[in-house]
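Here are some exercises to work through with the model open beside you. Try each task before reading its solution.

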Amino acid sequence: MDEIAAILEPHIPGLRRYAWALLRDREAADDLVQDCLEHALAGWHMRRRDGNPKAWLFTILRNLHISELRRRSRRGTRADVEEADSAEAFQDADPERRLIFRECLAALDCLSEEQKSILLLVGVEDLSYADMAKALDIPIGTVMSRLSRARERFRQAMETGSAPQLRRVK
Amino acid sequence: MSVDQPIGEDDLNAFVDGRLGPERHALVSRFLSENPQLGERVAADIAVRNTLRDSLQFKAAEPIPARLRIANLAVERHASRPHWLRVAAAALLFALGGLGGWFAHARFAATSVAQRETRVAAEALSAHRVFTAETVHPVEVAAAQEAHLVQWLSRRLNHPLKAPDLSAQGFHLMGGRLLPAGSGAAAQLMYQDDGGARLTLYLRADGEAGTAFRFVQGQNASAFTWSEDGFGYAIAAQVDRTQLLNIAESVYQQSKVSEEPKKPPPT
């Protein structure tokens, strides 16, 4: 068990960061990570020996997230993602940093789930392009074009600021 | 991008991500300076990538919560029922829901495991708050009558109980009481250490085959809850999380031993 812990635990900070970026809710994010780790432990013997555990873990977490999203949309309830939690994270930061932080999260919300995941897994969690292709089950060339599109959308959302609706009214 | 320029989308992405070798990097860099419009776009991509990384860095810097430690998860996984048993239990409940009409089924579906666990935790924490503060009658039946206490609570909860021995953690049994819980009953066992700190173990039927340890932070005390064999457990105290987990594990191990008396000793 110590050996498994030594392989899995170094990835927990990254998994928590990815889960939090997707859900923006401290408890819900840690529930998702817990769920992911429990699945990983249950399927430990089925993991690919040659595969990299990092990509495997992030793929499990993303799949759990997607099935939760589907379940939620079937039930017709909206995700209760409150900003309160996000604000708490940067309570001590100076106002300008806090503003950038908020804009950054708002821009992320302009992206589809897949775009968000590509941007976060490649740009923040440093997954290789090959691992990303495996995680999404698409060819590497397609990863490249989707990554470019996600970047473009994110950049534009950051440039327009966090309140595009208000801008339109003006 | 013209055909004679061998620089493609993969180069630009790898440039933004800093994944190019030095030679290729220099080549792309030169190409971008010759195409200022594209260069500007790529520079902006790098800037927003850094902003995103910086904004989320705080989360990865946080210490790992105890409930996500592999050792803690592994304890639980060992204890969980085989998957097919859970499936069978779910199928049975579904069949019962069908018999009882859609209301029963809908109610079951609407209350998730997490919600039920939270309810057990909330009940446990509120019982903890009320009775640990009691100086005259903290318990209904004192530890001096432990055999009677255990027999009585087991009968009222319709489940064989045992008061776990927590002396290794510095806590000794004070006694226990019977409490109302929804349509059934719950039991509370209270322990105290030499410094007068009190800890309570709350038990009630919850119909769960087995769930992981969950940590719940209350206003004054915190709790670990879990389920095993249709029974919900919550251990509540004003101690830190690691110490509480240690106590919860001890209670869990002891409840396993008492439920499997016929298990042959390992040879």
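**Exercise 1. The sheet of chain B**

Task: Work out the strand order of the open sheet in chain B, and find which strands stand at its edges.

Solution: In this predicted model, chain B holds an open sheet of seven strands in the order 1-2-3-4-7-6-5, with antiparallel pairing. Strand 1 and strand 5 (214–217) of chain B each have a single partner strand, so they stand at the edges and one side of each lacks a neighbour in the sheet. Next, look at what packs on the sheet: helix 8 of chain B touches strand 1, strand 2, strand 3, strand 4 and strand 7 (231–237) of chain B. The direction of helix 8 makes about 25 degrees with that of strand 2 of chain B.

**Exercise 2. Following strand 2 and its partners**

Task: How many bridges join strand 2 of chain B to strand 3 of chain B? Trace the pairing on either side as well.

Solution: Start at strand 1 (residues 141–142) of chain B, which pairs with strand 2 of chain B in the antiparallel sense over two bridges. One of the residues to look for is B:A142, whose bridge partner in strand 2 is B:G175.

Step across to strand 3 (residues 184–193) of chain B: ten bridges join strand 2 to this strand, and the two run antiparallel. Here B:L178 stands opposite B:A187. Two residues lie between the strands in this hairpin, where B:G182 takes a positive phi near 55 degrees.

Then move on to strand 4 (residues 198–205) of chain B, joined to strand 3 by seven bridges, again antiparallel. In this pair, B:L189 has B:L201 as its bridge partner.

Finally, check the cover over strand 2 (residues 171–181) of chain B: nine of its eleven residues are buried, and the strand is mostly covered.

**Exercise 3. Two helices of chain A**

Task: Describe how helix 2 and helix 3 of chain A cross, and state the handedness of the crossing.

Solution: Two packed helices are described by the angle between their axes and the distance between the axes. For helix 2 (residues 12–23) and helix 3 (residues 26–42) of chain A, the axes come within 8 Å and cross at roughly 130 degrees. That angle makes helix 2 of chain A oblique to helix 3 of chain A. The crossing is right-handed. On the helix 2 side, the contact includes A:I12, A:L15 and A:W20, while helix 3 contributes residues including A:A29, A:L32 and A:V33.

**Exercise 4. Positive phi outside glycine**

Task: Is A:R24 buried or exposed? Ask the same of B:N158.

Solution: Most residues other than glycine have a negative phi, and most peptide bonds are trans. A:R24 has a positive phi of about 55 degrees although it is not a glycine, and it sits in the loop between helix 2 and helix 3 of chain A. Its relative accessibility is 4%, so A:R24 counts as buried.

B:N158 also is not a glycine and has a positive phi, near 55 degrees. Its place is the loop between helix 8 and strand 2 of chain B. With 69% relative accessibility, B:N158 counts as exposed.

**Exercise 5. A loop residue and the whole chain**

Task: Locate B:S167, then put chain B into numbers.

Solution: B:S167 is in the loop between helix 8 (146–157) and strand 2 of chain B. Its relative accessible area is 48%, so B:S167 is partly exposed. The C-alpha atoms of B:S167 and B:Q192 are 9.8 Å apart, with their positions 25 residues apart along the chain.

For the chain as a whole, count nine helices and seven strands. Of the 267 residues in chain B, 47% are buried.

How values were computed:
Residues numbered from 1 in each chain as written. Chains lettered and ligands numbered in written order. Predicted model: local features only at pLDDT ≥ 70, side-chain atom pairs only at ≥ 80, totals over all residues. Heavy atoms only, no water. Buried < 20%, exposed > 50% of the residue type's maximum accessible area, 1.4 Å probe, protein only. Helix = DSSP H or I, 4+ residues; strand = E, 2+ residues; numbered from the N terminus. Pairing = 2+ DSSP bridges. Axes fitted to C-alpha atoms, helices over the stretch in contact; angles between N-to-C directions. Parallel < 35°, antiparallel > 145°, perpendicular 65-115°, else oblique. Left-handed = near helix turned anticlockwise from the far one by under 90°. Contact = heavy atoms within 4.5 Å.
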